[in-house]
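The following exercises concern ring pairs, burial and pockets. Each task is followed by a solution in steps.

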Amino acid sequence: MTRPLVASIDIAAMQHNLSVVRSTVPRAKIWAVVKANAYGHGLERSVRAFTDADGFALIEIESAIHLREIGWKKPILLLEGFFYPHELPILARYNIAFAVHCDEQIDMLEKARLEMPVDVHLKMNTGMNRLGFLPSEYGKALERLKKIPYVRNISYMTHFANSEAENHPVLSVAEQLRRFDSATQGLKGDRNLSNSGAILLHPGIRTDWVRPGIMLYGGTPGGKTAEQYGLKPAMTLKSEIIQIQHIGEGEAIGYGSIFTAKNPMTVGVVACGYADGYPRMATEGTPVIVNGIKTRLVGRVSMDMITVDLTPVPDAHVGSEVTLWGNGLPIDEVAEAAGTVGYELMCALSLRPRIVECW
């Protein structure tokens, strides 16, 4: 017997979302971003879904090696690069490209002795102020890399801070592009620029490679809903009602007694909690679907259960189907109500829900 909590991963939806990338930026090659276990969808599952991608981009070196070991032969890119000198011979052996974003990484490259060449994506900090060389430092970093004999190809990359906005008042995509173009003018090599937001809202950006992440899994980077962008949800999380409680006026529900019934009401207890990946900070009113009818969360999310208002669902019973996000209930809608983003809900899915794959 199994607990009635199931995450369905739709391979066909993932393939469809990749096709949206291809049709939106047909001249660019695609790094399918599969970090964080493919945003919770499963690394090996992503290999089957994104066969038509031109490469995979991720953070975790162990996962990059695993991709090679299970047969992925196309390019792989480590978005944060390497962390220690001993990783460089391994990356060279497995033909894994990596970002270079600081002088310390170049120091390690200069001291390394590699038997095989490596490909580098030199990252520029155009205003995100996380990783990368400032435009004024970029040329010097590039010259150092060019002098390293086993550095084969050098590409140029940056990351947009506000690509989901048409024209952000603090730091726009146009301003970041201006800084990038100024510092790379006349340089030969691939440009690696656009994330999901830039692909969807700024498709005219000239770039050789794009890096879609959230859109591949049916989430929105912002600006519009995922459905308005033509994307399909890849993860649907469902459970069931495991008990029904009839609550009197003035009675409270759950830990902390934060919700008190204003009238007599029927409440359903659902087998799903924060240990499964449901956001603990989800508040009263977070949408839930029971028997195809939208209702709301009431009471505090606990480790293993949530409670939902069954007033709009009079025929609900123990065993009634509950959709927590996915088909019929966009993950971004749930995330917004819970004060977070769809990215976090996908990545936070724990090992407890049973995962099934569908096409």
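**Exercise 1.** Determine whether Trp325 is buried or exposed, and characterise its ring pair with Tyr278.

*Solution.* Step 1: Trp325 has a relative accessible area of 0% and is therefore buried, where buried means under 20% relative accessible area, exposed over 50% and partly exposed in between (1.4 Å probe, protein chains only). The model is a predicted one, in which local features need pLDDT of at least 70 and side-chain atom pairs count only at pLDDT 80 or more, while totals for chains, interfaces and linings use all residues. Residues are numbered from 1 along each chain as its sequence is written, and side-chain values use heavy atoms, with hydrogens and water left out.

Step 2: Tyr278, at 1% relative accessible area, is likewise classed as buried.

Step 3: The ring centres of Tyr278 and Trp325 lie 6.3 Å apart with the planes at 10 degrees, so this pair is stacked. Rings of Phe, Tyr and Trp (its six-membered ring) pair if their centres lie within 6.5 Å; planes under 30 degrees apart count as stacked, over 60 as edge-to-face and the rest as tilted.

Step 4: Tyr278 belongs to the loop between strand S13 (265–271) and strand S14 (287–290), and Trp325 to strand S17 (residues 321–325), so the pair ties together parts 47 residues apart in sequence. Strands (E, at least two residues) and helices (H or I, at least four) are DSSP runs, numbered from the N terminus.

**Exercise 2.** State how many aromatic pairs the structure holds, and classify the one formed by Tyr39 and Tyr343.

*Solution.* Step 1: There are eight aromatic pairs in the structure.

Step 2: Tyr39 and Tyr343 form a tilted pair, with 6.4 Å centre to centre and 40 degrees between the planes.

Step 3: This pair links distant parts of the chain, as Tyr39 is in helix H2 and Tyr343 in helix H11 (residues 342–348), 304 residues apart.

Step 4: Tyr39 is buried at 6% relative accessible area, whereas Tyr343 is partly exposed at 30%.

Step 5: Ring pairs join Tyr39, Phe50, Tyr217 and Tyr343 into a cluster.

**Exercise 3.** Describe the volume and lining of the largest pocket.

*Solution.* Step 1: The largest pocket holds about 530 Å³ of space.

Step 2: Its lining comprises 25 residues, with Lys35, Tyr39, Arg130, His159 and Asn195 nearest the centre. A pocket is an open set of points on a 1 Å grid over the protein atoms alone, where a 1.4 Å probe fits, with protein on both sides within 12 Å along at least five of seven lines; lining residues have an atom within 4 Å of a point.

Step 3: Helix H2 (35–39) and helix H9 (196–201) each supply at least two lining residues.

Key
Points joined across faces, edges and corners; volume = space filled by probe spheres on them.
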